[in-house]
Amino acid sequence: MLAFVLSAVINSALACGDKPCSEAACQVPGSTESAANPAGSTVAKLKVSGMKCGACAEKVRAALNGVGGVTATNLDVTAGTAEVGYDAAKTKVDTLIAAVDATGHFTASSL
Ligand SMILES: [Cu+2]
């Protein structure tokens, strides 16, 4: 049973790696991640479409964290939202949205 669960998790990660996340293997429960936004950071609330599992969330997180000036990324797969802490002197909301859209699997808009 445990091996099956682990296998499902690994498969979901693979499904999210190369294909759109409509794959059946991707349909595992998502997780809500949480990290504190540092004092002084600006917080953008985004709607993120296409996330179906924790592995999707990790892809979105990696895309957002790749933007210079991003200090924290909190994703809620169930709600389809992201809260992104960033340094407003280094980046802006449009850049965050563009980074998510550039994944090709997910799309973001301002909430
Ligand atoms: Cu997924």
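**Entry 1: α2 against α3.** I looked first at how helices α2 and α3 lie in this predicted model, and I found that their axes come within 8 Å and cross at roughly 135 degrees. An angle counts as roughly antiparallel over 145 degrees and as roughly perpendicular from 65 to 115, so I noted α2 and α3 as oblique to each other. I also recorded the handedness, which is right-handed where α2 passes α3.

**Entry 2: the contact.** Which residues of α2 meet α3? I listed Val60, Ala63 and Leu64 on the α2 side, and Leu96, Ala99 and Val100 on the α3 side. Sorting this contact by class, I counted 6 nonpolar residues, with no polar and no charged ones.

**Entry 3: α2 itself.** I then checked the helix alone: α2 covers residues 54–65, which is 12 residues, and from its first C-alpha to its last it reaches 16 Å, close to the 16 Å expected at 1.5 Å a residue. Looking up burial along α2, I found Gly54, Ala55, Cys56, Ala57, Lys59, Val60, Ala63 and Leu64 buried. I kept in mind that an α-helix has 3.6 residues a turn, so residues three or four places apart point the same way. Val60, Ala63 and Leu64 are among the buried residues, and they are also the ones I had listed as meeting α3.

**Entry 4: Asp76.** Is Asp76 buried or partly exposed? I located Asp76 in strand β2, residues 70–76, and because 17 C-beta neighbours lie inside 10 Å, Asp76 counts as partly exposed. Finally I compared Asp76 with Lys47, which is 29 residues away in sequence, while the C-alpha to C-alpha separation in space is 9.7 Å.

Key:
Residues numbered from 1 in each chain as written. Predicted model: local features only at pLDDT ≥ 70, side-chain atom pairs only at ≥ 80, totals over all residues. Helix = DSSP H or I, 4+ residues; strand = E, 2+ residues; numbered from the N terminus. Expected span 1.5 Å × (residues − 1). Buried ≥ 20, exposed ≤ 12 C-beta atoms within 10 Å, placed from the backbone. Axes fitted to C-alpha atoms, helices over the stretch in contact; angles between N-to-C directions. Parallel < 35°, antiparallel > 145°, perpendicular 65-115°, else oblique. Left-handed = near helix turned anticlockwise from the far one by under 90°. Contact = placed C-beta atoms within 7 Å. Nonpolar A, V, L, I, M, F, W, Y, C, P; charged D, E, K, R; others polar.
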